[in-house]
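Biologist: I've got a model open and a few things I'd like to ask about it. Mind walking me through it?

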Amino acid sequence: MKVGIIGGTGDIGKGMALRLSQNHEVIIGSRKEEKATLSCDACCQCLRELNLPFNLTSSTNQGVVDNSDIIVFSIPLETLQITIDSLTGLEGKLVVSLMNPMERKDHFRYAPPEEGSAAMQLQKILPDSKVISAFNNIPAKQWSQMSEILDYSVCVCGDDEEGKKIVMELVNSISELEALDAGPLAVSATVEAITPLVINIAKYNSMRDVGVYFR
Ligand SMILES: NC(=O)c1ccc[n+]([C@@H]2O[C@H](COP(=O)([O-])OP(=O)(O)OC[C@H]3O[C@@H](n4cnc5c(N)ncnc54)[C@H](OP(=O)(O)O)[C@@H]3O)[C@@H](O)[C@H]2O)c1
């Protein structure tokens, strides 16, 4: 599968690129092609040093849309509208949201948009795309620490059953991640809200590796 990451230069995007590029063709996207190239070079160097096989390239965000089967939106939700306004050709595409809208006060709090969740907002902006939510609850640090086995449960939500199946296969292709069908896209609000809970638990209990496991 060709997987493109919009905002692939960010914390989560780089970590996902490191992991996904071992089994898939991955494109790191950015608003700026040079920034994507730098991120891609750093990831390739890291994977070479670990003697791991990879298939990783870089492009603009538009290049990601033009050349990917699955497009991951890995940007802060506040930048979603402006990012989509800068892109064309998302109609009919399989689009993944891992965005978690949060506010930080003394603790972290889920702060969804009026559509109900980040993924539902994305689906409203892109009515002709197949939006699936996944990967919401895995911290960036865990993605990029290549010595770590990722053995979390990953809730996958979506209204397009075929698209959800493809994204679940993508999840299951990474380390020991286990994809779980969490239902329609409306459930993404509940899944996104788990992330501030996970961060608060880590903070208040001085825990390092807080993850979500459904056993
Ligand atoms: N960090 C985590 O542990 C984690 C875990 C699970 C889910 N998430 C979710 O994943 C998403 C990305 O998180 P992150 O921590 O990787 O974010 P980030 O590093 O702050 O940003 C990711 C990328 O978004 C692009 N971006 C930043 N500001 C922008 C703007 N004003 N307009 C357009 N693009 C902009 C940048 O790419 P370019 O400058 O290259 O265009 C940046 O590298 C968020 O929605 C977050 O809720 C994060």
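Biologist: Where is the place of Ser129?

Modeller: First, a caveat: this is a predicted model, where local features need pLDDT of at least 70, side-chain atom pairs count only at pLDDT 80 or more, and totals for chains, interfaces and linings use all residues. Residues are numbered from 1 along each chain as its sequence is written, and side-chain values use heavy atoms, with hydrogens and water left out. Helices (H or I, at least four residues) and strands (E, at least two) are DSSP runs, numbered from the N terminus. On that basis, Ser129 sits in the loop between helix 5 (118–125) and strand 8 (130–133).

Biologist: Is Ser129 buried or exposed?

Modeller: The cut-offs are under 20% relative accessible area for buried, over 50% for exposed, and partly exposed in between, using a 1.4 Å probe and protein chains only. Ser129 has a relative accessible area of 5%, so the call is buried.

Biologist: And Gln145, in the loop between helix 6 and strand 9 (153–158): how far is Gln145 from Gly15 in space?

Modeller: Gln145 has a relative accessible area of 28%, so that residue is partly exposed. Gly15 belongs to helix 1 and is buried. The two are 130 residues apart in sequence, yet C-alpha to C-alpha the separation is 7.9 Å.

Biologist: How many residues of helix 1 are buried?

Modeller: Helix 1 covers residues 11–20 and is mostly covered. Among the buried ones are Ile12, Met16 and Leu20. The count is 8 of 10.

Biologist: Which element gives the largest share of the lining of the largest pocket?

Modeller: A pocket here is an open set of points on a 1 Å grid over the protein atoms alone, where a 1.4 Å probe fits, with protein on both sides within 12 Å along at least five of seven lines; lining residues have an atom within 4 Å of a point. The space in the largest one is about 1,000 Å³, a volume being what is filled by probe spheres set on points joined across faces, edges and corners. Helix 1, helix 4 (80–85), helix 6 (140–144) and helix 8 (188–204) each give two or more residues to the lining. The largest share, 4 residues, is from helix 8.

Biologist: What is the distance from the side chain of Ser30 to the ligand?

Modeller: Ser30 is one of the residues that come nearest among the 20 around the ligand, where near means a heavy atom within 4 Å. An N or O atom in the side chain of Thr9 is 2.5 Å from a ligand oxygen, while for Asp11 a backbone N or O atom is 3.2 Å from one. For the side chain of Ser30, an N or O atom lies from a ligand oxygen at 2.5 Å.

Biologist: How many disulfides are there?

Modeller: The rule asks for a pair of cysteine sulfur atoms within 2.5 Å. For Cys43, the nearest cysteine sulfur, that of Cys40, is 6.8 Å away. For Cys46, the nearest is that of Cys43, 7.0 Å away. The count is 0.

Biologist: Which phi does Asn51 have?

Modeller: Most residues other than glycine have a negative phi. Asn51 lies in the loop between helix 2 (33–49) and strand 3 (56–60), and at 72% relative accessibility counts as exposed. Though not a glycine, Asn51 has a positive phi of about 60°.

Note on methods: Polar contact = N/O pair within 3.5 Å; in protein donor to acceptor, adjacent residues only side chain to side chain.
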